[in-house]
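Please examine the structure shown below with attention to its charged side chains. The explanation that follows leads from one pair of residues to the next, and then to the surface.

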Amino acid sequence: MKGRRIVLDHIGDREAAALLVDGQLDDLLIEEGDAPRPGAIYRAICDRPLKGQGGMMVRLPEGGSGFLRQGKGLRPGQALLVQVTGIAEDGKAVPLTDRVLFKSRYAIVTPGAAGLNVSRRISEEEERARLRILAEEGMEGAPEGFGLILRSVCEGAAEDDIVEDIAAMRGLAEAVTADAGGTEPEALTEGDGPHLLAWRDWSAGDVVTEPGGFEREGVLDQIEDLKSPRVATGEGTIFVEPTRALVAIDVNTGGDTTPAAALKANLAAARALPRALRLRGLGGQIVVDFAPMSKAHRKQLEQSLRASFRNDPVETSLVGWSPMGLFELQRKRERPALVRLLGRL
């Protein structure tokens, strides 16, 4: 089936959302269920500083603990607002930031980061001017230090929808920041689940909400395929294998023995990597063993990698080549690993 299609369903008792592009699974979100959601906001209580790391361990509700990377100027017992930034690895504290964001489909309200901004992806000046007016009107009289970002999806969107989103996020931000004080940790927002995230971050013509959509649309079969580390790229194969320390990726040329085989396989791998990592929920340190090729082709491959990851929703840094000729990436852990989820279903 051609086009983009969002399927909202459940796997077992876990909420899940799938994005299909021309019938192929392009993105997948599954509720972890027993961990704080990325985006959740808490009133946390500072517990103890981590000397040498510059961070602060904080107490969360129900006996939970979190790690705030920037702990300078904080003192034990101090209350502050924090937001979950990613998935905690087994046995580790929940990663947090004190720069909280209130994010919806059209608007992001930014307490502590004043200014009205329109996404740079919107280039048409008349449209930017229209959106700036809506931003100014929507944030008039807001608390000092509140800022607003209007997202790229605002381009061409109905004025009423944008205004409603700004008002909702501003109201939530004002209510939560007013509740920052206290002596005990408390959950103030729970973060968005897969269905809300799909509405917020994906755009598609069709949305399937009837129960059983995953089976009817072939999503379950494609999830089953993700259990294999092998990914066909059209010019070869890649193998994606997570370990406890890192994600190892091997690129193979297959049966092609021509002089250009390695470069073609590597470029195809670069195009396939974001989707392969995204669907498997993999992050952290990633090491790619590309097929052997001339060093003169490295720049072309790096350009292809940058283009491939540019529109990927998960923040990824291209670190570069190691002395052993491996390419290293650092990817934010903001989704639970699929292999971990499937083991619990």
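In this predicted model, R278 has a relative accessible area of 8%. Buried means under 20%, so R278 counts as buried. The side chain of R278 meets that of D26 in a salt bridge, with a distance of 3.4 Å from N to O. This pair links distant parts of the chain, for R278 lies in helix α6, residues 261-280, whereas D26 belongs to strand β3, residues 24-30. Along the chain the two residues are 252 residues apart. D26 has a relative accessible area of 23%, a value between the limits of 20% and 50%, and D26 is therefore partly exposed.

Some background helps to explain such a pair. Side chains of opposite charge can pair when their charged atoms come close. In the structure there are 19 salt bridges.

A second salt bridge is found within a single helix. E127 pairs with R130, and their closest N and O atoms are 2.8 Å apart. Both residues lie in helix α1, where they are three residues apart, about one turn of the helix. Are these two partners buried or exposed, wholly or in part? E127 has a relative accessible area of 12% and is therefore buried, while R130, at 25%, is partly exposed.

A third salt bridge joins D201 and R200, whose side chains meet at 3.2 Å, N to O. Here R200 counts as buried because its relative accessibility is 16%. D201, with a relative accessible area of 35%, is partly exposed. Salt bridges can also share partners, and which residues are joined into one network in this way? The network consists of D26, D27, R278, D312, R331 and R335. The pair of R278 and D26 described above thus has both its residues in this network.

The surface offers another arrangement of charge. E136, E137, E140, E159, D160, D161 and E164 gather there in a patch of negative charge. Two elements each give two or more residues to this patch, namely α1, residues 125-138, and α2, residues 159-177. Helix α2 supplies the largest share, with four residues. One member of the patch, E159, is placed in helix α2. Why is E159 called partly exposed? The reason is its relative accessible area of 44%, which lies between the 20% limit for buried residues and the 50% limit for exposed ones.

The cysteines can be considered next. How many disulfides does the structure contain? The count comes to zero disulfides; a disulfide would need a pair of cysteine sulfur atoms within 2.5 Å. Two cysteines may be examined for their accessibility. C46 is buried, because its relative accessible area is 3%. C154 also counts as buried, because its relative accessibility is 0%.

The final residue to consider is V100. V100 is placed in the loop between β8, residues 94-97, and β9, residues 102-103. Although V100 lies in a loop, it counts as buried, because its relative accessibility is 6%. V100 and G212 are 112 residues apart along the chain, and a distance of 36 Å separates their C-alpha atoms.

Conventions
Residues are numbered from 1 along each chain as its sequence is written. This is a predicted model: local features need pLDDT of at least 70, side-chain atom pairs count only at pLDDT 80 or more; totals for chains, interfaces and linings use all residues. Side-chain values use heavy atoms; hydrogens and water are left out. Patches are made of residues with over 30% relative accessible area and no salt bridge: like charges are joined within 9 Å, nonpolar side chains (Val, Leu, Ile, Met, Phe, Trp, Tyr) within 5 Å. Accessible areas come from the Shrake-Rupley method with a 1.4 Å probe; for residues, only the protein chains shown count as cover. A salt bridge is a side-chain nitrogen of Lys or Arg within 4 Å of a carboxyl oxygen of Asp or Glu. Lys and Arg count as positive and Asp and Glu as negative; His and the chain ends are not counted. The place of a charge is taken as NZ of Lys, CZ of Arg, CG of Asp or CD of Glu. Buried means under 20% relative accessible area, exposed over 50%, partly exposed in between (1.4 Å probe, protein chains only).
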